[in-house]
Structure formats: structure tokens, C-alpha cells
Amino acid sequence: MWAKLPEMFAALFIRMFGVIGLLLPRPVLLFVGRGIGEFAYLLAFRRRYLALENIRLALGQEISPEEQRRVAVRSFAHLGMNLMEYFTFPYLNQRKVEGLTRISGEEHLVSALGMGKGVLCITGHMGNWDLLGSALAFRGYPVSLVSKISRSRAVNRVWMDYREAVGVRIFSGDGVMKDILRQLKGGGIVGLVVDQNALRKDGIFVPFFGREACTLTIPAVLARRTGAPVVPIYSFRDGSKLRIVIEAPLESAEIEDMKEDVFQRTLRYSQWTEGVIKQHPEQWTWLHNRWRTRPPQEVSR
């Protein structure tokens, strides 16, 4: 019991912040979030260095060092705003979410669902990805999200409770593939995040901002196996609103060789992600070590 006390206090702290967030007017909420993010930029030395190095590697040929620093600061501030918004999730309803979000391209999702094979939605850590999911769920879409599990059981439970409070089903841990296939067979939506580092056993290396990055192959394998359309979707902040953009499905002609087929699909998903990040670089999570897993030949050198 005593060993679990830190986790229990952390979970209680998160829920208390939710109440505070509920009492704050939205402009104040976002202002506080920006402040938290900018303060974290100053304190989190390792993450700040990682973010600046990632931005230099990805965008160093396109923007100046001063602009690279501004992108990093704004990225931290953006995550701070996401954090404060996240605390309010248990108190959201359809009216509130519709007031916070604007959706374009919804016809692409409707058309893809009409195929009757379910839909694989690929997205990334751009804008507010959890608020994106809630916006679709409140509009009546059967939304699920494949998610990692936090090391802390207590914190993980609060985290998943908050997500499920806005109508998003979470698939994680053992049996996740069965859950995904069941959701697709029932004509539902499965959200997959494709912009994070993958372990070698779970991914393959494709170019990402000109550098080999280990990328999850699950979306490509599922698309090939089930025939479900792959619909790209992302969000970005536009003032106090969250703009949600749904694009036409990424169609891929099936290649007989499975290995090559999965590679080409994964490459295309990665290229789409890179293009979206270039549009709104300050709203992507640069503090994540996207290139942590390296190719075997590079490690051996």
C-alpha cells in the first residue's frame, strides 16, 4: 500500500487540476497552459536540448537558428495548453466541444465509412489529438484509439478515464490486435498515431525529414489485411479554436511482395506526417526522441 501512495497522490493531483481547469475561463486556461509550457522549456534542460536538436536536424536547412528556438518554445507552450485542456475532459459535452472545434473534410470520413470495412485513421501528435478524437465521438462516430500504457497504474487509469469520458474507446496492452479487428469488422474507426519512434520489432526504417526513422508498420499491415481505407486526419490551433482537417483516403495499389508493400505504405504515411508538420511546426512534439531507434548498420559503426 505504501509503495502505491506516490501514484495515488499523482492521480489525485490530476483530478484536482481538472476541477481548477473547469473554473477558469478558457482564455485564462490557455494562458496558464502557455506559461506552464514556457516554464518547462526553461527547466527541462534535456528535453529542451532534444527539441532544439530535432528541429535543427529536420528544419535546419529551411529556418534560421533564431526561428528554430522560437519553434521549440512555442512547441513547449502548445503542450502546456494541451495539458490544461486535458484536465477539463470529464466536464466536456457536445455543445462545448462543437464550440471549441471546427471540422473540414468530414465528407471523406463519411464516404470511407460507407465502404463497410471500418476506417483506419492515421494521425500524429499535432494540435490536440485527444480533443480531435472527442470531437468525432460527440458527432456520433464510433471512435477508438490505440494507445500506449503509462508506467503508473493509477495515473494510467485517470488518463484512460479522461479519454473515455469523451466517448473514445482505448485499445492497449494484450489483445489489442483482436480489439482493432473487431472494431473494423463492426464498421468503426481505429485511430493510429504514426509519428513516434518504434522499436525494431514493431517497425521498419523509412526516411523522415531526410533521416531514417523506425516507424510503426501496424497501419500498413492492417490496411493490407483488411482493405480498410486509410484516412489521414490532424488538428491545429487557430486562435482559441481547434481546426480538424480530414483528408481523402491514401489509396495504395497492393504490391504482391508483402515486405515491399508494407514499406511503400509506411513510407507514404510518413511522408504525409512530415508534410503536416511542416505546415505547423510549432504545434508538433519536438521533445519526443523520434529518431531514437537506429538502423543496425548505423549502430555497428
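How many helices and strands does the secondary structure of the protein chain come to? Show the whole chain as a cartoon: there are 12 helices and 9 strands, counted as DSSP runs numbered from the N terminus, helices being H or I of at least four residues and strands E of at least two.

This is a predicted model, in which local features need pLDDT of at least 70 and side-chain atom pairs pLDDT 80 or more, while totals for chains, interfaces and linings use all residues. Residues are numbered from 1 along each chain as its sequence is written, and side-chain values use heavy atoms, leaving out hydrogens and water.

**The whole chain.** Along the principal axes, the C-alpha atoms fill a box of roughly 55 × 45 × 45 Å. The radius of gyration is 19 Å, close to the 19 Å of the globule rule for 301 residues, so the chain is as compact as a globular protein of that length. That radius is taken over C-alpha atoms, and the rule is 2.2 Å times the number of residues to the power 0.38. Of the 301 residues, 48% count as buried; buried means under 20% relative accessible area, exposed over 50%, and partly exposed in between, with a 1.4 Å probe and protein chains only.

**The sheet.** Next, select the 7 strands of the open sheet, in the order β1-β9-β8-β2-β5-β3-β4, with mixed pairing. Two strands pair if DSSP finds at least two bridges between them. β1 (101–104) and β4 (169–171) stand at the edges; each has a single partner strand, so one side of each is left without a neighbour in the sheet. From one strand to the next, the twist averages 25°.

Zoom in on β3 (residues 143–146), which runs parallel to β4 and is joined to it by 3 bridges. Here L145 stands opposite I170 in β4.

Now add helix α11 (residues 258–279), which packs on the sheet and touches β2 (119–123) and β8 (230–238). Contact means heavy atoms within 4.5 Å. The direction of α11 makes about 15° with that of β8; axes are lines fitted to C-alpha atoms, for helices over the stretch in contact, and angles run from 0 to 180 degrees between N-to-C directions.

**Single residues.** Select C121, buried at a relative accessible area of 5%, then C214, buried at 0%. A search of the whole structure finds 0 disulfides, a disulfide being a pair of cysteine sulfur atoms within 2.5 Å.

Last, go to F39 in helix α2 (residues 26–43). Is F39 buried or exposed? F39 counts as exposed, at 52% relative accessibility. Between the C-alpha atoms of F39 and K259 lie 45 Å in space, and the two are 220 residues apart in sequence.
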